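Grab your viewer and work through these short exercises on a ligand and the protein around it. Try each task before you read the solution.

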Amino acid sequence: MSAPFVAVIGIGTMGAPIARNLLRAGAQLSCFDVKREAMAELVEHGATATASPAEAASRAEFVITMLPADEHIRAAVLGPDGVASGIGPGSILIEMSTASPATARELEAALAPAGVQVVDAPVGRGTQAAIDGTLLILASGPRDAVDRCSAVFDPVGERTFYCGEVGAGKTVKLVNNLVFGEIVAAVSEGVTLAVKSGVEPDLVLEVIGNSLAANAVANHIFPERVLPRDFSPKFRLDLESKDLALAQRLAQDNGAPFLLGALTASLFGTAVGRGLGGSDVSRLAELYEQLGDVTIGQRSSDA
Ligand code: NAD
């Protein structure tokens, strides 16, 4: 099978490594980002920078959008010079951002008359997996379209989960990030309690990590980011806050209980309000430090 022509819209933390892995796999690639400088490195590796999403999409068999949130997706796909005005019939829009299921369905309805299928395919895992090409792809949409997308998914992901109709991939992703945010809050609270009670954070993390409470936040994120105070963003706190708000809306729309989720969304919203949104998601621990008047790990000024 010949290498596909792919357009990537949104060359940020996730879009850039995804595009790099596609180039490495031999894809022809056009790209667009509202920040022109974001495309420079890809161009050095053989991509073509374009002036609009429509231009990027015009020759592509697959168009990937990897954007912060619903409003950016609507602007890039349905806005002036958006993907919708450039993409040709028979091509597939692969919407990979974490956004609302309703937006994915809106795109599907808007593009169907032009003969364009939509595959809703947000991703699990983070920046390192995007670099390593080991993302989890949570794909939903018509089976034939999802199958065709393996030409794009194989170089960027380790495993593709078929989730159902368009929107289901976004739902699965929001559930995943709801649970992730709850775990970040739970570990922050537990470690704060330990330190307030005179127990070393490393000790309590090691015990959690070897018990039935083990999880990636206690096993990796706290020892690797919170204790050494490395809050450079791998996954930004404000993006997690956005995901919790989307999960809350999904719960309201479907009449699902959202109790721990509401508390967690409120904690993350408070952290964003205190100016922590541009840092790594693990900086939620600092909110607990402020609330508990305690220090977990090294203070920034000690580093
Ligand atoms: P990012 O902010 O680093 O990158 C987004 C890029 O989109 C930026 O370069 C921005 O300039 C560009 N952009 C914004 N509006 C645009 C428009 N209208 N047209 C073209 N480009 C536009 O964000 P990210 O971390 O790459 O996240 C992207 C999506 O992936 C988000 O929905 C996020 O929740 C999700 N996600 C992120 C991670 C992670 O670890 N960072 C993991 C899984 C999923």
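**Exercise 1. Find the polar contacts of the ligand.**

Start with K242: an N or O atom in the K242 side chain sits 3.0 Å from an oxygen atom of the ligand. That passes as a polar contact, meaning a pair of N or O atoms within 3.5 Å. Next, how much of the ligand does the protein cover? Of the 830 Å² of accessible area the ligand has on its own, 91% is covered (Shrake-Rupley method, 1.4 Å probe). Now check the backbone: a polar backbone atom of T98 is 3.0 Å from a ligand oxygen, and a backbone N or O atom of V34 is 3.4 Å from a ligand nitrogen.

A quick note on the ground rules: this is a predicted model, where local features need pLDDT of at least 70 and side-chain atom pairs count only at pLDDT 80 or more, while totals for chains, interfaces and linings use all residues. Residues are numbered from 1 along each chain as its sequence is written, and side-chain values use heavy atoms, with hydrogens and water left out.

**Exercise 2. Describe the shell around the ligand.**

There are 27 residues around the ligand (a heavy atom within 4 Å), and T13, M14, D33, P68 and K242 come nearest. Sort the shell by class and you get 12 nonpolar, eight polar and seven charged residues.

**Exercise 3. Explain where the ligand sits.**

First, the domain assignment gives domain 1 (5-165) and domain 2 (171-302). Their contact (heavy atoms within 4.5 Å) takes 14 residues from domain 1 and 10 from domain 2. Why does the ligand lie between the domains? Because both of them give residues to its shell.

How values were computed. A polar contact is a pair of N or O atoms within 3.5 Å; within protein, one must be able to donate a hydrogen and the other to accept it, and residues adjacent in sequence count only if both atoms are side-chain atoms. Ala, Val, Leu, Ile, Met, Phe, Trp, Tyr, Cys and Pro count as nonpolar, Asp, Glu, Lys and Arg as charged, and the others, Gly among them, as polar. Domain bounds come from an automatic or database domain assignment.
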